[in-house]
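I opened this notebook to keep a record of what I looked up, step by step, in one structure. The entries go from helices to single residues.

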Amino acid sequence: MSSLNFSRLGDEHIINRAYIFLKENAIMISKIPRTHKFVFGDRLYQACLDLVDLYIHAYYSSKETKLQALYQSNIVLERIRIYLRLAYDLGIISSHKRNELIEQTMHLGRMTGGWINSIKK
């Protein structure tokens, strides 16, 4: 059985970008203090997983279902931005790390918007 390999689509494909974002968050979450890891860390990790799932769902769906998945991904991106802001405010991550991860969410948001616009045409 072969696994999904979106790397053939190129590094700039939204699913690959979301996968890289998930991986970077997983590494960051593994370093979160125990006091926050099991609630906060799990929620952030789950949101990142949800984002990848929604992009895969959109990739293989019909036009109507694709739009629903992409609109939902925008909501998940906003949740992630809030979680990252909270992580910074609680002193869990540095401002540099927060800015880096927020910029990635912004890039994913722009890519999502572009995908939505291309479907609506």
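The entries below follow the order in which I looked things up.

**Entry 1: what kind of model**

I note at the start that this is a predicted model, and I keep that in mind for every value I write down.

**Entry 2: α2 against α3**

I began with the pair α2 and α3, whose axes come within 9 Å and cross at roughly 160°. Angles over 145 degrees count as roughly antiparallel, and α2 and α3 are therefore roughly antiparallel to each other. I also looked up the hand of the crossing of α2 and α3, which is left-handed. Which classes of residue make up the contact of α2 with α3? I found 18 nonpolar residues there, along with four polar and four charged ones.

**Entry 3: α3 against α4**

Next I turned to helix α3, which covers residues 63–89, and helix α4, which covers residues 95–120. These two pack at an angle of about 165°, and their axes are 10 Å apart. That angle makes α3 roughly antiparallel to α4. The crossing of α3 and α4 is left-handed, and the residues in the contact of α3 with α4 divide into 14 nonpolar, six polar and five charged.

**Entry 4: α1 against α4**

I then looked up helix α1, residues 14–30, together with α4, and found that their axes come within 11 Å and cross at roughly 160°. The angle makes α1 roughly antiparallel to α4, and I recorded the crossing of α1 and α4 as left-handed.

**Entry 5: the loop between α2 and α3**

After the helices I looked at a loop residue, S61, which lies between α2 (34–59) and α3. Is S61 buried or exposed? With a relative accessible area of 18%, S61 is buried, because the cut-off for buried is under 20%. I also checked what its side chain meets, and a polar atom of the S61 side chain lies 2.4 Å from the backbone oxygen of H57.

**Entry 6: aromatic pairs**

How many aromatic pairs does the count come to? The count comes to three, and I wrote down two of these in detail. A pair of aromatic rings is described by the distance of the centres and the angle of the planes, so I noted both values each time.

One of the pairs is F40 with Y83, which is edge-to-face, with 6.4 Å from centre to centre and 80° between the planes. F40 lies in helix α2 and Y83 in helix α3, so this pair ties together parts that are 43 residues apart in sequence. I checked the accessibility of both residues, and F40 and Y83 are each buried.

Another of the pairs is Y59 with Y60, also edge-to-face, where the centres are 4.9 Å apart and the planes stand at 85°. For Y59 I found a relative accessibility of 26%, so Y59 counts as partly exposed.

**Entry 7: two buried residues in helices**

I went back to α2 to look up Y55, which lies in that helix. Y55 has a relative accessibility of 0% and therefore counts as buried. I also compared its place in sequence and in space with that of Q104: Y55 and Q104 are 49 residues apart in sequence and 15 Å apart from C-alpha to C-alpha.

In helix α3 I looked up I80, and I80 is buried, with a relative accessible area of 0%. Here the partner I chose was H107, and I80 and H107 are 27 residues apart in sequence while their C-alpha atoms are 13 Å apart in space.

**Entry 8: two charged residues of α2**

My last entry concerns D42 and R43, starting with D42, whose place is in helix α2. D42 has a relative accessible area of 44% and is partly exposed. From C-alpha to C-alpha, D42 and I29 are 8.2 Å apart in space, and they are 13 residues apart in sequence.

R43 is found in helix α2. Is R43 buried or exposed? At 52% relative accessibility R43 counts as exposed, because the cut-off for exposed is over 50%. R43 and K66 are 23 residues apart in sequence and 24 Å apart in space, C-alpha to C-alpha.

Definitions and conventions:
Residues are numbered from 1 along each chain as its sequence is written. This is a predicted model: local features need pLDDT of at least 70, side-chain atom pairs count only at pLDDT 80 or more; totals for chains, interfaces and linings use all residues. Side-chain values use heavy atoms; hydrogens and water are left out. Axes are lines fitted to C-alpha atoms, for helices over the stretch in contact, and angles run from 0 to 180 degrees between N-to-C directions. Helices (H or I, at least four residues) and strands (E, at least two) are DSSP runs, numbered from the N terminus. Angles under 35 degrees count as roughly parallel, over 145 as roughly antiparallel, 65 to 115 as roughly perpendicular and the rest as oblique. A crossing is left-handed if the near helix is turned anticlockwise from the far one by less than a right angle, and right-handed if clockwise. Ala, Val, Leu, Ile, Met, Phe, Trp, Tyr, Cys and Pro count as nonpolar, Asp, Glu, Lys and Arg as charged, and the others, Gly among them, as polar. Buried means under 20% relative accessible area, exposed over 50%, partly exposed in between (1.4 Å probe, protein chains only). A polar contact is a pair of N or O atoms within 3.5 Å; within protein, one must be able to donate a hydrogen and the other to accept it, and residues adjacent in sequence count only if both atoms are side-chain atoms. Rings of Phe, Tyr and Trp (its six-membered ring) pair if their centres lie within 6.5 Å; planes under 30 degrees apart count as stacked, over 60 as edge-to-face and the rest as tilted.
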